[in-house]
Amino acid sequence: MSELLRRYGAPLTATFAALTAFWLLALVVLPYLYLFENSFRPYLPVVDVGGPKDVYSLDNYLTFFESPIHIKVFFWTIIYSSIVTVLCFAIAYPLAYYLSKVAKSAVVPTLFLLLLIPLWVSEILRSFAWFIILALKGPLNYGLLGLGIIDQPVRWLSGFRSIIIGLVYTYVLFMLFPLYNAIQSLDTNQIEAAEDLGSPWWRTHWRVILPHSKPGIASGAVTVFMLSAGSILVPTLLASTTSRWFTEIIQQWMFESQDWNTGSAYAFLLMLLCTVFVTVMMRVFRVSLADIAK
Amino acid sequence: MSAGVELANVCADFGNFRAVDRVNVTIKAGEFFSFLGPSGCGKTTILRMVSGFIDPSEGEIKIGDQPMQGIRPNKRPTALIFQNLALFPLMPVWENISFGLEVRGVDKKTRRDKAEELLRLVDLPGAADKAISQLSGGQKQRVAIARALAVEPKVMLLDEPLSALDLKLRQHMRAELRAIQKRTNVTFIYITHDQGEALAMSDRVGVMSQGKLQQVAVPQEIYNHPANGFVASFVGENNIFTGQIESMNGSTALFRTNSGTFRASLGPGVTTATSAKLYVRPEQTRLVEAPPPGANSIPVEVTDVAFEGNFINIQARNGDGRTLVVETRNDGSTAVPPPGSRLTVVFDAEHAVILADETAASPGRAA
Amino acid sequence: MGARKISRLLFNIYVAVFLAYMLLPLVIMGGAALNDSRFPSVYPWVGFTDRWFVELWEDGRMWVAFRNTIGVALAVVAMAVPIGTAAAILINSVGGTARSALYGFMIAPILTPGAVIGISTLLFWNKFSVPAGLHLSAIGQTSYIAAFVMLLVLARLQSFDRALEEAALDLGASHAQVVRRILLPHLYPAIGAGAAIAFFQSVENFNTTLFTRGTYDTLTVYVFSRVRSGITPTINALALILVTITIIGALWYEIARRRRQAHFDASAAQARREEEAEALPVAVAAQ
């Protein structure tokens with residue numbers, strides 16, 4: 001604080017502090033606290049709020065724990081988000097390695113630009129694109145039929161597979177860029193040294209490149225998992241009767257039932273899930289919060 | 001218009017670490033004063049205290065008889081030349097120079113004219129519209145000086161400005177800086193670890209070590225009559241002998257070492273109780289075949305002769321295996337002895353000084 | 001070496017396939033906008049038509065959503081850029097545990113699901129009787145978009161030489177002048193990038209907006225509801241337009257980048273030549 005005053009004088013420091021305080025308090029901390037608090041209060045008509053019926057209880061959370069369907073959906077959401085994360089890693093890693101170590105440096109910015117286009121085009125359109133492709137009468141089926149790989153149109157939009165496909169497409173780039181950054185920072189000499197000492201390519205990756213990329217892997221995994229678990233667009237657009245995503249249940253509480261209290265309890269569970277995931281990742285990969293930020 | 005700077009019992013503490021310890025010195029108006037010392041001796045801290053970026057923990061700083069307590073850097077009559085110059089990269093040369101005027105509300109035309117005038121002063125005419133990135137090291141130096149001069153400071157503070165330049169350029173810029181100082185008559189406070197620089201450029205030098213001022217004097221005094229062992233060994237070369245004072249006689253004494261007992265001069269504040277050493281400069285020694293009777297002498301064998309242009313540096317070993325350095329001028333007056341010759345090193349008592357390792361108390365406002 | 005050539009070839013194939021995987025869906029989606037078929041598809045190809053674009057143009061609700069989206073995005077930029085910049089400057093001058101704590105709070109919204117941000121924003125402001133609407137969407141989006149701006153500005157601050165601030169102070173500038181003339185100009189690239197990122201992040205936001213918008217539409221919500229209710233290729237028309245704009249933007253950026261790179265290389269070479277030329281006469285004179 002004294003450092004700030006010395007550097008910028010009192011009025012400027014006050015301005016900086018005020019803006020930051022507004023952000024952190026009014027936009028971040030207090031709303032989350034309020035969400036947490038609200039999740040313990042019952043859903044009451046407006047007149048009863050603050051009155052004798054407005055007591056703290058775990059009822060909203062019990063609604064979740066006593067509902068086998070909701071628990072199942074939560075469970076599947078975790079499982080499939082994890083699958084998506086792993087798939088994204090498997091797809092993105094070779095490309096990240098290529099971009100940072102193999103490709104000629106003149107080509108890289110252009111390649112990046114091409115890869116950034118889908119990112120800039122926005123999530124809704126990315127999801128929508130696959131909605132069209134995976135339709136029963138869509139181009140994917142037509143292509144496969146035409147190539148003779150299948151002889152009947154496949155119902156892609158069933159079960160979780162369409163959601164997985166959609167999520168992978170939508171979020172793979174969020175795994176690619178942190179991985180790229182991490183591999184970039186590895187001194188190429190190390191790879192060459194390993195090669196020189198006789199290491200086969202897979203071992204070099206396993207023992208040299210992957211360990212170095214841990215911050216990137218953690219960052220990408222956290223981002224992809226969080227986006228997938230919290231995704232609304234993809235699971236809704238590409239869903240079918242047999243697949244439900246946890247966010248859909250939250251939507252139900254908030255919009256259909258107008259029960260914001262139970263909704264906030266469920267939302268808090270989602271947030272808890274993501275926080276746990278981040279913490280686990282930080283432990284497993286031994287990275288700090290700063291490493292995860294882009 | 002320049003002003004003197006007075007530091008009275010100035011101390012600077014960083015937590016438990018005392019970076020500057022009771023420094024007392026009065027720098028006269030229009031003087032070129034250097035603080036000389038190794039890294040970490042506190043000279044940079046003093047500069048930052050005079051310019052106002054650090055407040056002294058104790059003591060008082062006055063500029064032109066006005067106490068600077070509580071006055072912020074942007075209100076002090078000082079201008080600081082940073083070690084990395086800190087030129088504003090996003091402004092062209094003339095805007096850099098006139099920045100101090102801009103913040104004082106001077107109009108654009110006057111600023112531009114002043115910038116051009118200063119560019120002529122520092123010998124860079126026509127550079128007004130160049131970008132900083134287009135300048136060489138020496139040119140950037142001069143722009144930094146012009147920028148500082150533009151605000152007409154009473155005191156210029158220079159933080160090792162030449163350390164980043166290569167040798168030839170440094171020598172050239174030394175002369176430049178001195179000339180500019182003489183021309184503008186602004187008080188210059190210069191800090192450096194390069195003794196050659198300090199001695200060559202300054203009216204007076206303050207030698208510092210571990211936060212304390214060891215000696216303040218004109219360059220010849222510093223070199224010829226160092227106040228203590230630190231100053232003697234930091235400035236110039238020495239042959240140093242450890243030993244004990246055997247007896248004192250007025251201003252001379254007998255000093256016993258492993259290489260013999262010698263008659264030498266007593267340095268300031270030296271008593272039999274002080275821990276002291278004997279210092280003899282190489283150029284004050286001679287190599288002779290036979291020593292005159294009663295003179296300080298050490299029999300040696302010449303081990304190495306190095307021809308250094310205008311000086312000849314001779315290394316010789318005595319009976320105990322310690323190496324002595326003798327320096328003679330390359331003017332043909334003495335024969336250059338070949339390695340292996342057995343000769344005697346002799347030196348006079350008046351050129352051999354017994355000095356305390358460090359000054360017990362800071363020197364008063366003197367010299 | 002044969003092995004190296006083969007691996008290089010495999011990599012190139014992989015990259016090509018990946019790029020196709022990324023871009024083909026967009027092509028198909030765009031292509032359906034031009035196909036005269038009720039259900040958006042590229043195959044079977046019935047015929048070229050622009051009727052979907054016409055329908056899009058005449059869709060009043062789309063225009064309202066578009067206007068709302070731009071409004072919210074501008075509001076988000078107006079809030080997130082000052083907040084993010086102020087936060088970056090502040091956290092840069094703080095050290096130790098305070099810094100880590102602040103940093104953690106600032107990063108938290110990025111790691112929070114958009115739905116959670118939306119719901120908590122809705123609930124919190126509802127307490128102050130602020131109803132749901134576009135203003136809430138802007139506030140909710142700002143909570144995490146400001147963090148992006150903060151990260152960009154903070155990164156740029158690392159390359160700022162603090163001595164410049166001190167030099168300006170030393171020359172007599174007031175604190176406000178120092179910030180305005182020395183610090184902010186250095187930060188402009190990051191602030192500009194931050195504003196652009198804030199704008200586009202806001203436009204494409206869905207999760208947070210869904211819960212905070214009340215009865216108002218933004219483009220993303222509009223597309224979403226249209227797809228759910230009954231799609232026609234008008235959506236594809238909109239998609240094609242947006243994709244085209246993106247590609248044009250990307251091309252423009254690439255050309256500007258190449259030009260800037262060439263200019264930078266040229267002036268760096270020039271400075272080097274001049275430096276060498278300067279050194280010569282000094283070396284001669286010093287002899």
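A salt bridge here is a side-chain nitrogen of Lys or Arg within 4 Å of a carboxyl oxygen of Asp or Glu. Glu165(C) and Arg7(A) fit that rule, with their side chains joined at 2.8 Å, N to O. The model is predicted: local features need pLDDT of at least 70, side-chain atom pairs count only at pLDDT 80 or more, and totals for chains, interfaces and linings use all residues. Residues are numbered from 1 along each chain as its sequence is written, chains are lettered from A and ligands numbered from 1 in the order in which they are written, and side-chain values use heavy atoms, with hydrogens and water left out.

Start with chains C and A. Contact (heavy atoms within 4.5 Å) involves 89 residues of chain C and 88 residues of chain A. The area buried between chain C and chain A is about 8,200 Å². Carbon and sulfur atoms give 79% of that area. Buried area is the accessible area (1.4 Å probe) that two parts lose on being put together, summed over both. The salt bridge count between chain C and chain A is one. Polar contacts join twelve residue pairs between chain C and chain A, both residues at pLDDT 80 or more. A polar contact is a pair of N or O atoms within 3.5 Å; within protein, one must be able to donate a hydrogen and the other to accept it, and residues adjacent in sequence count only if both atoms are side-chain atoms. On the side of chain C that touches chain A, helix 1 (residues 2-31) of chain C gives the largest share, 15 residues. Helices (H or I, at least four residues) and strands (E, at least two) are DSSP runs, numbered from the N terminus. By class, that side of chain C has 64 nonpolar, 15 polar and ten charged residues. Ala, Val, Leu, Ile, Met, Phe, Trp, Tyr, Cys and Pro count as nonpolar, Asp, Glu, Lys and Arg as charged, and the others, Gly among them, as polar.

Now turn to chains B and C. Here 36 residues of chain B contact 24 residues of chain C. About 2,400 Å² is buried between chain B and chain C, with 58% from carbon and sulfur atoms. Asn74(B), Val103(B) and Lys168(B) lose the most area to chain C in chain B, together 21% of what that side buries. Three salt bridges cross the interface of chain B and chain C. One of them pairs Arg181(C) with Glu102(B) at 2.5 Å, N to O. The interface also has eight residue pairs in polar contact, both at pLDDT 80 or more. Helix 5 of chain B gives the largest share of the chain B side, five residues.

Last come the cavities. A cavity is a set of points on a 1 Å grid over the protein atoms alone where a 1.4 Å probe fits but cannot get out; lining residues have an atom within 4 Å of a point. Grid points are joined across faces, edges and corners, and a volume is the space filled by probe spheres set on the points. Two cavities of 30 Å³ or more are found. The largest holds about 40 Å³. Its lining draws on chains B and C, including Phe82(B), Arg147(B) and Asp170(C). Helix 5 of chain B gives the most to this lining, with three residues. The lining has seven nonpolar, no polar and two charged residues.

The second largest cavity has a volume of about 40 Å³. Among its lining residues are Thr69(C), Gln141(C) and Ser202(C). This lining has two nonpolar, seven polar and no charged residues.

Methods: On a 1 Å grid over the protein atoms alone, a cavity is a set of points where a 1.4 Å probe fits but cannot get out, and a pocket is an open set with protein on both sides within 12 Å along at least five of seven lines; lining residues have an atom within 4 Å of a point.
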